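Could you walk me through this structure in my viewer, one selection at a time? I would like to know what to click on next and what I will find there.

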Amino acid sequence: METKSTLPKKFGQYGGQFVPEVLMPALEDLEKAYISAQQDRAFQEELHNLLDSYVGRPTPLTFAQRLSTHCGGAKIYLKREDLAHSGAHKINNALGQALLAKRMGKSRIIAETGAGQHGVATATACALLGLKCVVYMGTVDMNRQAPNVARMKLLGTEVRAVAGGSQTLKDAINEAIRDWVTNVDDTYYLLGSALGPHPYPTMVRDFQSVIGQETRSQILDAENMLPDVIIACVGGGSNAIGIFYEFINEKNVSLIGVEAGGLDISGGKHAARFADSSIGRPGVLHGCYTYVLQNEDGQIALTHSVSAGLDYAAIGPEHTYLREKKRATYTHASDAEALHAFQLLCELEGIIPALESSHAIAEAIKLAPSMSPETTIVVNLSGRGDKDLDTVLDEIDLKE
Ligand SMILES: *Cc1c(COP(=O)(O)O)cnc(C)c1O
């Protein structure tokens, strides 16, 4: 068998490696190790077994009958990543990379987290595999996401507070990269979305593409045909690329990514990188060239979303490429639309979705009525909403 020694570093003109020179050898080592792991049967089997016996894969594909009837039109199916261990798709990637780190002989894992979800997934994988784990988190985020800080600590992870800058995710990223530069020999940097310098966007996509692979066989079982539309929310873009990737060559399957529309697009209070050309344009963030929300001087713009996981200034480079190639389309849902979708799913299906995933549901609700009853939509339900109850209860009134 011919073995590849490198992977493409870019998606069209997007992606690449914009990192300090000292990290280039580490990225090269990572790419080599990843390619060899991909071709190693034993590695793939170990990962597959853990996804099966620990994460609970395959996650179900659920026909949302009452939601579909309520909307009228297309049948809506939900890919249930909310049922994956630790409550979201993030564990698929955290486990894959932690296994890779172990294979590379690294003894220490570092990560950064904003909302805490990636920190929890990483802490979970490290506890399982017996790896030392340090997670960087801005102090503002630590206060906002106290339960996730507690979870990480319970899982044996050290959470390091970052008090500089805006004390949020981008400052935590800077600290994590500083740590990596200093400790690159024994330390593995575990990135949480389809972002960052090559090979991360490719690797994260591959670890998440199990979502789309399962979806294909499940929808074929249920409907005997591929879906007409697949919808996923897009923060950095990992759950979306994870469900899209399997269908990229299926030209009759529409792929729709949903960004966080926040309060409104015109006021700048959102995280919709593709929707607002006044601040969303190509630039470099987190080591890669992609669409970034920024001001005229290239300073990263402050973003807003009711869902912490979509509240990020950059989008994964493969999405920028798919959009440019017109293979996927990108739209946005506002905070209010997401909250409405959240409540509908609770009341009609008995599922409390993550606020991130609620953005994808909001788009399905808009689209389904315009489609015929023979058509199907699959929504990637990226996570469960238990983590969001405080936020939701601040925003809506419960029925008496
Ligand atoms: C983190 C998160 C997201 C956003 O991240 P992507 O990389 O865009 O998938 C979406 N949904 C949930 C539940 C999350 O925790």
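Start by selecting P58, which sits in the loop between α2 and β3 (61-63). Show the backbone here: the peptide bond from R57 to P58 is cis, and its omega is near -5 degrees. Keep in mind throughout that you are looking at a predicted model.

There is another cis bond to visit. Select H198 and P199, which are joined by a cis peptide bond with omega about 10 degrees. P199 belongs to the loop between β8 (187-189) and α9.

While you are checking backbone torsions, jump to S86. Its phi is near 75 degrees, a positive value in a residue that is not glycine. You will find S86 in the loop that runs between β4 (75-80) and α4 (90-103).

**The α9 and α10 pair**

Now colour residues 200-208, helix α9, and residues 210-223, helix α10. At what angle do these two helices pack? The angle is about 35 degrees, and the axes are 5 Å apart. For the contact itself, show side chains for D206, F207 and Q208 of α9, which meet V210, I211 and G212 of α10. By class, the residues of this contact divide into 3 nonpolar, 2 polar and 1 charged.

**The second largest pocket**

Keep D206 and V210 on screen, then add Q44, L47 and Q213: these five are the closest to the centre of the second largest pocket, out of 15 residues that line it. The space in this pocket comes to about 380 Å³. Which elements supply the lining? Helices α1 (24-38), α2 (41-55), α9 and α10 each supply at least two residues. Of the elements, α2 gives the most, with 5 residues. If you colour the lining by residue class, expect 6 nonpolar, 5 polar and 4 charged residues.

**The ligand**

Next, centre the view on the ligand. It is surrounded by 17 residues, and the closest of them are K90, S193, G235, S238 and S382. Three distances are worth displaying:

- G235: a backbone N or O atom lies 2.7 Å from an oxygen atom of the ligand.
- G236: a polar backbone atom is 3.2 Å from an oxygen atom of the ligand.
- N239: an N or O atom in the side chain is 2.8 Å from an oxygen atom of the ligand.

So you can set up both kinds of view, showing the backbone for G235 and G236 and the side chain for N239.

**Last stop: β7**

Finish at A161, which is in strand β7 (residues 158-162). Which residues does A161 contact, leaving aside its neighbours within four places in sequence? They are M137, T139 and M142. For a last distance, pick the C-alpha atoms of A161 and V392: the two residues are 231 residues apart along the chain, and these atoms are separated by 26 Å.

How values were computed: Residues numbered from 1 in each chain as written. Predicted model: local features only at pLDDT ≥ 70, side-chain atom pairs only at ≥ 80, totals over all residues. Heavy atoms only, no water. Axes fitted to C-alpha atoms, helices over the stretch in contact; angles between N-to-C directions. Helix = DSSP H or I, 4+ residues; strand = E, 2+ residues; numbered from the N terminus. Contact = heavy atoms within 4.5 Å. Nonpolar A, V, L, I, M, F, W, Y, C, P; charged D, E, K, R; others polar. 1 Å grid on protein atoms, 1.4 Å probe; cavity = no way out; pocket = protein on both sides within 12 Å on 5 of 7 lines; lining within 4 Å. Points joined across faces, edges and corners; volume = space filled by probe spheres on them. Near = heavy atom within 4 Å. Polar contact = N/O pair within 3.5 Å; in protein donor to acceptor, adjacent residues only side chain to side chain.
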